[in-house]
Amino acid sequence: MRTFIAIFLPKEILDYLYEVQNKLKKQLPAKINWVAKKNLHFTLKFIGQVDEKNIFSIKERLKRIKFNSFKVNLDKIGVFPNEEFIRVIWVGLKSKELVVLQKLVDYELLDLFSKDQNFVTHLTLGRVKNIQDKEKFKKNLKIEIEDKEFEINEFCLVKSELHKEGPTYEILERFTLH
């Protein structure tokens, strides 16, 4: 089964990011597969394919993480891998605690899954398929993101199934932050 560890967003942040996506849709000269509003999330760690018999062990390891709930703020818009070859549009998140939590997740799973390199706190908004006018695209991408703050009080182990219409997610376990 395909799995990842994620933080899902409160409704008001989902609503705001959906507005950002709609604004970008109107002004970006490109074919983009936008992440569905219900699927917007922050990935702490992408695990990938896992044998179902290992899910219990992953859950037990993640339960060992003791961490307080914390606040994060939306940051600027960015792209991966770079502005000359744009494949992903994302919104950053500002939080020192988020980076620490991600390192704790990595540490607990280190011997099962290789550590992520170059971790960047971000939420994927869309995947770029084709850009008609790169200069106009780059200029119109530079929109202001409100510095919205929200609380993180849990993270989840998620099962992901890929379909032609887009992925579906099922939460396998929730891990509460205190």
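**Notebook: aromatic pairs, a cis bond and some distances**

I began with Phe175, which counts as buried because its relative accessibility is 5%, under the 20% limit. I note here that the model is predicted.

**Entry: Phe175 and its partner**

I looked up the aromatic pairs and found four of them. In one of these, the rings of Phe155 and Phe175 have centres 5.1 Å apart and planes at 20°. I log the pair as stacked, because planes under 30 degrees apart count as such. I then checked where the two residues sit: Phe155 belongs to strand 8 (residues 154-161) and Phe175 to strand 9 (residues 168-176). They are 20 residues apart, and the pair links distant parts of the chain. Phe155 has a relative accessibility of 1% and so also counts as buried.

**Entry: another aromatic pair**

I went on to Phe67 and Phe70, whose ring centres lie 5.8 Å apart. Their planes are at 85°, so I put this pair down as edge-to-face; the angle has to be over 60 degrees for that label. Both Phe67 and Phe70 are buried.

**Entry: Ile7**

I returned to Phe155 by way of its contacts, since Ile7 is one of the residues that touch Phe155. Ile7 is in strand 1 (residues 2-8). With a relative accessibility of 1%, Ile7 counts as buried. Leaving out residues up to four places away in sequence, I listed what else Ile7 touches: His41, Phe42, Leu44, Leu98, Leu101, Ile152 and Glu154. I also took the C-alpha distance from Ile7 to Leu24, which is 24 Å for a sequence gap of 17 residues.

**Entry: the cis bond**

I looked at the peptide bond between Phe80 and Pro81 and found it cis, with omega about -10°. For context, most peptide bonds are trans. I placed Pro81 in strand 4, which covers residues 70-82.

**Entry: Lys23 and Glu135**

Which helix holds Lys23? I found Lys23 in helix 1 (residues 11-27). Its relative accessibility is 43%, so Lys23 counts as partly exposed. From Lys23 to Asn140 the C-alpha separation is 9.8 Å, although their positions lie 117 residues apart in the count along the chain.

Is Glu135 buried or exposed? I noted a relative accessible area of 55%, so Glu135 is exposed. Glu135 lies in helix 4 (residues 134-141). Its C-alpha atom is 9.9 Å from that of Glu83, at a sequence distance of 52 residues.

**Entry: the whole chain**

I counted four helices and nine strands. In sequence order I read them as β-α-β-β-α-β-β-α-β-α-β-β-β. The C-alpha trace spans about 50 × 35 × 30 Å along its principal axes. I compared the radius of gyration, 17 Å, with the value near 16 Å for a compact globule of 178 residues, and the two agree.

I then looked at contacts with a separation of 6 or more, and 77% of them join residues 24 or more positions apart. Of the 178 residues, 44% count as buried. The accessible surface is about 10,200 Å², and carbon and sulfur atoms account for 49% of that area.

Last, I checked the charges. There are 33 positive and 26 negative side chains. I put the centres of the two sets 4 Å apart.

Note on methods. Residues are numbered from 1 along each chain as its sequence is written. This is a predicted model: local features need pLDDT of at least 70, side-chain atom pairs count only at pLDDT 80 or more; totals for chains, interfaces and linings use all residues. Side-chain values use heavy atoms; hydrogens and water are left out. The radius of gyration is taken over C-alpha atoms; the globule rule is 2.2 Å times the number of residues to the power 0.38. Buried means under 20% relative accessible area, exposed over 50%, partly exposed in between (1.4 Å probe, protein chains only). Contact means heavy atoms within 4.5 Å. Accessible areas come from the Shrake-Rupley method with a 1.4 Å probe; for residues, only the protein chains shown count as cover. Lys and Arg count as positive and Asp and Glu as negative; His and the chain ends are not counted. The place of a charge is taken as NZ of Lys, CZ of Arg, CG of Asp or CD of Glu. Rings of Phe, Tyr and Trp (its six-membered ring) pair if their centres lie within 6.5 Å; planes under 30 degrees apart count as stacked, over 60 as edge-to-face and the rest as tilted.
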